[in-house]
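The following exercises concern the packing and the charge pairing of one protein chain. Each task is followed by a worked solution.

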Amino acid sequence: SLIGVWLFLTMLHNQAIGQVWSLTKCLDTAQLNNKQLAISRSNIIISEQKQEEVKASLIPKVAMNGDYKYYTNLPYQLMPSSIFGGPVGQFKEAQFGVPTNINANIQFSMPIFNAVLYNTMSTAKIVTEFSKLQYQKNEDQLFYDITNLYYNAQILKQQVKFLDANLINSNILLKNIQLLHEQLLAKNSDVSKVQLQVSQLAIAKINIVNKYEQVLNMLKFSIGISLDRFIEIDTAILFQSINDISYSNSADIKLAKKQFELLNNELTTLKYSKLPTLALYGTYGTTGFGYNVKPNDFLKFFPIGIVGVQFTYPIFNGTITNRKISQKKLDIKNSQLQIGLAESQNEMQSKNAVIQKSVTLRLIESNNEQIEQAQKIYNQSVIQLKEGIANLTELLLADNALREAQNNYLTSSIDYMKADLELKKIKGNISTKK
């Protein structure tokens, strides 16, 4: 029977013994085990390495080069005939050089002044900070999801608690009605009504327990622990006042501001690209020439060394840079508008969440009082039914009033938790795990 199934599930549930996991413990464990956060931490390290890579661009570069060439056909050059006393305007082909050419040298280069390179270092630093804020956003979203699942589990456990109490009341009522029926003081239909109520409560209990297990599985997945591991949540729901919440900018606003900073830095880089660059370079090595036809064969090496300064000044690139600067200025304007929009939206959502939280706190206090009062009325109705003062219909009405008060309490608790969670997310303090 359904009652037997319910009792079996309850027995299994009670036999499962495990440590109670607080919300803080869930969040701490997720910080260590969640794979998405691990990827975000790796991205921070990657951005830091890229920042070091940009810094390394200022360090002098040294390279060794080697080259061997053997000309099967020596290259031709055209010589003016006038050099050899011939007519002007006529040329004579001639081959120069030797078949074997060997080059080996060490090259040195170092930027002396490059405004774009210096500003790129600043950009890399901003990108690293952006990666850290992205990690914070991912962490906040994960904590939001875990807290939401934890709150859902608490509500479901509270529902189970109410159903357990209602089942106890209904089973006691069923025994009393059956006893009255045996004494011909109650009709057979009365017994059937109470049996139906017990059956409905048992089915509701099974459904809630199944939902609770599903929520726990999602919670375990988000935390990053095995689905086979048994955990028990803390059923105590803490109702905080508005003053208990600390305020700071949300990760979305911080990211928007950092994006604005990055765009301004990119604009500066574009402007710096119009400035000249100066670099120092040098080469030192040897050049070898060889001839392999006897008896005049030879292989001789000669040193070569060059030290120089390279100056580059962009004069005209088809207005490409100016177009990019115009686009970047528009991006900056849009970014500034986006920050203002996000701040206004956060302010509106924050005020609404504060109102909702304040209202639901008062409703929860009222619902608790209603539950106590409805329970008293139900208990009185049970006594009156035994004494024959009240009938079953009045008792069932009292039972419905009690369950309605319980449902109102759960609804208010859900609304409170939603408002509390949204307010923490808006104010950017989900990661504080308070």
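The exercises below treat the nonpolar cores, one helix and the salt bridges in turn.

The model is predicted, so local features require pLDDT of at least 70 and side-chain atom pairs pLDDT 80 or more, while totals for chains, interfaces and linings use all residues. Residues are numbered from 1 along each chain as its sequence is written, and side-chain values use heavy atoms, without hydrogens and water.

**Exercise 1. The nonpolar core**

Identify the residues with the most contacts inside the largest nonpolar core, and the helix that gives the most to it.

Step 1. A nonpolar core is a set of buried Ala, Val, Leu, Ile, Met, Phe, Trp, Tyr and Cys residues joined through side-chain atoms within 4.5 Å; buried means under 20% relative accessible area, exposed over 50%, and partly exposed in between (1.4 Å probe, protein chains only).

Step 2. The largest core holds 61 residues, and Ile146, Leu173, Ile177 and Leu219 have the most contacts inside it.

Step 3. Helices (H or I, at least four residues) and strands (E, at least two) are DSSP runs, numbered from the N terminus. Those supplying at least two core residues each include H2 (23-33), H4 (115-182) and H5 (188-223). H4 gives the most, with 19 residues.

Step 4. Beyond four places in sequence, Leu219 touches Cys26, Ile146, Leu149, Tyr150, Ile231 and Ile233, where contact means heavy atoms within 4.5 Å.

**Exercise 2. The buried side of H2**

Determine which residues of H2 are buried and what covers them.

Step 1. The buried residues of H2 are Leu23, Cys26, Leu27, Thr29 and Ala30. They lie on the same side of H2 because they cover an arc of only 165° around the axis, taken from the directions from the helix axis to the C-beta atoms.

Step 2. Their cover includes strand E1 (20-21), H3, H4 and H5.

**Exercise 3. Salt bridges**

State how many salt bridges there are, and examine the one between Lys205 and Asp164.

Step 1. A salt bridge is a side-chain nitrogen of Lys or Arg within 4 Å of a carboxyl oxygen of Asp or Glu. The count by this rule is 15.

Step 2. In the bridge of Lys205 with Asp164, the closest N and O atoms are 2.9 Å apart. Lys205 lies in helix H5 and Asp164 in helix H4, so the pair ties together parts that are 41 residues apart in sequence.

Step 3. Lys205 is buried, at 4% relative accessibility, whereas Asp164 is partly exposed, at 26%.

Step 4. Glu129, Lys258 and Glu261 are linked in a network of salt bridges.
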